[in-house]
Amino acid sequence: MKHVIHADNSEFFRKIMKSFLSEKGLECESFEKGEDAVNAVASGRATFVITGLELPDMSGEELLKRLMTLPQKTPVIVVTSSDEIAKTKRIEALGVRSIIMKSDDWKTELGKIIG
């Protein structure tokens, strides 16, 4: 079974994401803090990571940088409400697999990626 690590500052969105992934047959661990997500990914059990860009303990960009330096190269998908073009370009440059806007049909877009 695919195992997803999801990090987002919104408890409400973490619940929605967990429910959505469960419906897709995926196991999901949700985290509010980036540090907890990094530790979970570092344990090697993640098939991929889904993250927002707002976390209480670090910026989304900091989380992405830390994830990209881990020995295992777990694909990262960003699901965000930020439409700041400069930020999007910086995030793309970090090597994320995809950036999905919450304002779009994020479930359909994410479903295409996760299968």
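**Close-up 1. Phe20, a buried ring in a predicted model.** Phe20 has a relative accessibility of just 7%, so it counts as buried, the cut-off being under 20%. Keep an eye on this residue, as it turns up again in the next two views.

**Close-up 2. Phe20 meets Trp106 edge-to-face.** How do you describe a pair of aromatic rings? You give the distance of the centres and the angle of the planes. For Phe20 and Trp106, that's 5.5 Å centre to centre and 70° between the planes. Trp106 is buried too, with a relative accessible area of 10%. Phe20 belongs to helix α1 (residues 11-23) and Trp106 to helix α5 (residues 106-114), so this pair ties together parts of the chain that sit 86 residues apart in sequence.

**Close-up 3. Phe13 joins the ring cluster.** The count of aromatic pairs comes to two, and ring pairs link Phe13, Phe20 and Trp106 into a cluster. Which residue lies over the face of Phe13? It's Lys102, at 4.1 Å from the ring centre.

**Close-up 4. Strands β1 and β2 run parallel.** Here we leave the rings and look at the strands. Strand β1 covers residues 3-7 and strand β2 covers residues 27-31, and five bridges join them. To pick out one of these partnerships, find Val4: its bridge partner in β2 is Cys28. Between the two strands, the chain takes a route from β1 through α1 to β2, making a right-handed β-α-β crossover. You've already met the helix on that route: α1 is where Phe20 lies.

Key:
Residues numbered from 1 in each chain as written. Predicted model: local features only at pLDDT ≥ 70, side-chain atom pairs only at ≥ 80, totals over all residues. Heavy atoms only, no water. Phe/Tyr/Trp six-rings, centres within 6.5 Å; stacked < 30°, edge-to-face > 60°. Helix = DSSP H or I, 4+ residues; strand = E, 2+ residues; numbered from the N terminus. Buried < 20%, exposed > 50% of the residue type's maximum accessible area, 1.4 Å probe, protein only. Lys NZ or Arg CZ within 6 Å of the ring centre and 35° of its normal. Pairing = 2+ DSSP bridges. Right-handed = clockwise from strand over helix to strand, strands pointing away.
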